[in-house]
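Student: I would like to learn how the labels people put on a structure follow from its atoms. Could we go through one together?

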Amino acid sequence: MSRFFIKVFVPGPFFEPLTYASDVLIDAGVRVQVPLGSREIIGICAGKADTSEVLETIKSVVTIIDEKPIISRQHQALVDFASDYYLAPPGDLLLSSLPTTLRKGKPLPKPKTETGHNNSPTYALTNEQQHAIDSVDQKANQFQCFLLQGVTGSGKTQVFSELIHRTIRRGQQVLLLVPEIGLTGQMVARIQDQLDGELAVSHSGIADGARTKAFVASAEGIADVLIGTRSALFTPLPKLGLILVDEEHDGAYKNQEGCRYSARDLAIVRAQQTGIPVVLSSATPSLETWQQAELGKYIRLRLSARPGQQPRPTIRLIDARHDKPKDGLSEAARRAIRHAIDHDQQALVFLNRRGYSPVLMCTDCGWIPGCKHCDAKPTLHRQPDSLWCHHCDHRQRPVTVCPECSGLNLLAVGHGTERLEEALTESFPDVPIIRVDRDTTARRRAFEQLIQPVIDGNPCILVGTQMLAKGHDFRKLSTVVVTDADQGLSGADFRSLEHFAQLLTQVAGRAGRHGATGQVLIQTHRPDSEWFERILRQDYDYLATAMLRERQQFDWPPESHLALITARATTSAPVFEALGAIAHQIRALNCPVRVLGPAPAPMERRNRQYHGQLLILGKRSLIQWVLKETGPWAYKKQGKVMFQLDVDPWDLW
Ligand code: ADP
Ligand code: ZN
Ligand code: ZN
């Protein structure tokens, strides 16, 4: 019997596929079961191996799972790029890009899609919408990146709908990426309403079986549109004609586990590899994207007004030094909420901090409990009663007696969403209060169920975290209160201000999208900050110009590129020693990049381990070269020190 040799991508720290023997030739992209060490694992065939270098001791493929490839050449090309750019093992990336059932070697299920309702819009497109659609359409079957920059509520989703319609008519498929599950519900319904075709949906909030069916429907060309979160980017779409990335500035596009890829950046790569247009949309583009549009590399399409003369919300600062918040809410905020409710409208109270209160303190001696495992203060939760560290997840019973002075006067200082909910229930006993944060939406579909009354237009007050800031179109919502804006102005990260400005603009954008003019109240102790003046103009270009100028001054991204090397161990000395050696090695390369550190991470002790970091700043190509010279980085370990590489980090934690 003739023996063949094939290459197989397997998970783990392998930068090249491994070689196996097989009685038959296996196509690239077919899943196989192979022995690895003492286990049998699922891998993906990478094609024929060069037999000249093959040894007699080579092991054989155990089972061939698929009849035909489930990975297309297109899919493989994208993984190859990502593997090279993020210095991640290709097998790891390829296998983690598959839905879990496929990764485990289960057979392909039958595809499943939902059929669009093919309804026509009830309004005519605005000139700006029409122009945006025509511009993208003109670039069909060519690579071009667009920035669809429209104020919140300016009708970006309608532009998406029309672009999808046209792409399907050409016989092509569309990939629409959205940042989070919370957003997906409404987006899916709105796209499905006008869709003349088949729709598949993929995100981590749906059952894995359903995700796999969406994968198959996309791969077989049955789904005309695939809507999904970042991992959906790695889905075979043989007739792909257009990629849309909604809310492109959102941090959810950055994978924070395993290979730290940016689905937004890879979407552009995929469009380029496929030779098709890609549209990044946002009211508050990331400075990276915004700069590319300024330079003319991306074509900027604007939606400058809300359709139907719907005015923008008015934004007002509340000086918390004078109108002192009681239970988190100033007098002015309470009046505005009452006014909204009395006029059959809804209100949203925003606080980006879950739990009951961020600090528990002994009022006799000032003692504050810390987390056993981190340099962090655990958050007090009431449902259930606990001191909960949001960094390592450690939970303990709340302290009732101070261990320092045996005092009994322990006070919850500051507010989280739980406490705000309590205060609102007391002040507005006649109005339903709906709290939306990670704690109330942990169950599958909980988010959709929670916000249904809001969508239905029932009177209510919403209170919650950044989950509420995004994309939602609540018709009756007229009033937004931002309870603690000081939080955002004092962030430690170079992107803090950008994220804060984006968040504020997005939250404000929920107010008054229909009917009554929206009203936004921002409580702050620092109303004189120049950044408020810039944010309040509601002119994102003006704000972005100022932010970019600041970044240029300090040579931070997007002026330069960044790679973050984090090291951790149970004691701090080996961390700094190891990072010091790497810094030395990089400097010895004599390459014009800047190396910052080693320095302690913003939270040095986290989850029982000490964290240190090294930052490399410079030109993208030089950083790539330096990393390759000093790699490999994946699974890197040195004694007891573990390393983690993040190319283009989103934040420096
Ligand atoms: P965005 O996605 O930019 O936040 P949406 O697409 O949600 O904005 O649009 C805001 C609202 O305006 C939606 O209710 C939508 O139905 C409506 N809308 C969109 N385009 C038009 C138009 N051309 N004329 C009237 N209303 C429109
Ligand atoms: Zn005490
Ligand atoms: Zn902790």
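Tutor: Happily. Let us begin with a definition: a polar contact is a pair of N or O atoms within 3.5 Å. Keep in mind that this is a predicted model.

Student: What makes the pair between ligand 1 and the side chain of Thr-157 a polar contact?

Tutor: An oxygen atom of ligand 1 is 3.0 Å from an N or O atom in the Thr-157 side chain. The cut-off is 3.5 Å, so the pair counts as a polar contact. For Arg-190, a polar side-chain atom lies 2.9 Å from an oxygen atom of the ligand, and that pair passes for the reason that 2.9 Å is within 3.5 Å. Gly-155 takes part through its backbone: a polar atom there is 3.0 Å from an oxygen atom of ligand 1.

Student: How do you know how much of ligand 1 the protein buries?

Tutor: Taken alone, ligand 1 exposes 560 Å², and the protein buries 85% of that.

Student: Which residues are closest to ligand 1, and how many surround it?

Tutor: There are 18 residues around ligand 1, and the closest are Ala-124, Gln-129, Gly-153, Lys-156 and Arg-190. Helix H5, residues 156-169, gives the largest share of this shell, with 3 residues. By class, the shell holds 5 nonpolar, 9 polar and 4 charged residues.

Student: Why are S17 and S19 called edge strands?

Tutor: The open sheet has 3 strands in the order S17-S18-S19, with antiparallel pairing. Strand S17 (379-382) and strand S19 (395-396) each have a single partner strand, so one side of each is left without a neighbour in the sheet.

Student: And how do you know that S18 and S19 pair?

Tutor: Pairing requires at least two bridges. Strand S18, residues 385-388, and S19 have 2 bridges in the antiparallel sense, so they count as paired. Within this stretch, Leu-387 stands opposite Gln-396 in S19.

Student: What makes S2 and S5 edge strands in the sheet of 5 strands?

Tutor: That open sheet runs S2-S1-S4-S3-S5 and its pairing is antiparallel. Strand S2 (18-22) and strand S5 (63-64) each pair on one side only. On the S5 side, strand S3 (residues 31-36) pairs with S5 over 2 antiparallel bridges, and Thr-63 in S5 is the bridge partner of Gln-33.

Student: What makes a space in the protein a cavity, and how many are there?

Tutor: A cavity is a place where a 1.4 Å probe fits but cannot get out. The search of the whole structure finds 2 cavities of 30 Å³ or more, and the largest has a volume of about 60 Å³. Its lining includes Ser-97, Arg-211, Phe-215 and Thr-235. Helix H7 (residues 208-219) supplies the largest share of that lining, 4 residues. The lining divides into 6 nonpolar, 5 polar and 1 charged.

Student: What makes Leu-87 worth pointing out?

Tutor: Most residues other than glycine have a negative phi. Leu-87 has a positive phi, near 55 degrees, and lies in the loop between helix H1 (73-85) and helix H2 (90-96).

Student: Where are the cis peptide bonds before Pro-384 and Pro-598?

Tutor: The bond from Gln-383 to Pro-384 is cis, with omega near -5 degrees, and Pro-384 is in the loop between S17 and S18. The bond from Gly-597 to Pro-598 is also cis, with omega near 10 degrees, while Pro-598 is found in strand S26 (residues 594-606).

Conventions
Residues numbered from 1 in each chain as written. Chains lettered and ligands numbered in written order. Predicted model: local features only at pLDDT ≥ 70, side-chain atom pairs only at ≥ 80, totals over all residues. Heavy atoms only, no water. Near = heavy atom within 4 Å. Polar contact = N/O pair within 3.5 Å; in protein donor to acceptor, adjacent residues only side chain to side chain. Areas by Shrake-Rupley, 256 points an atom, 1.4 Å probe, with all protein chains shown as cover. Nonpolar A, V, L, I, M, F, W, Y, C, P; charged D, E, K, R; others polar. 1 Å grid on protein atoms, 1.4 Å probe; cavity = no way out; pocket = protein on both sides within 12 Å on 5 of 7 lines; lining within 4 Å. Points joined across faces, edges and corners; volume = space filled by probe spheres on them.
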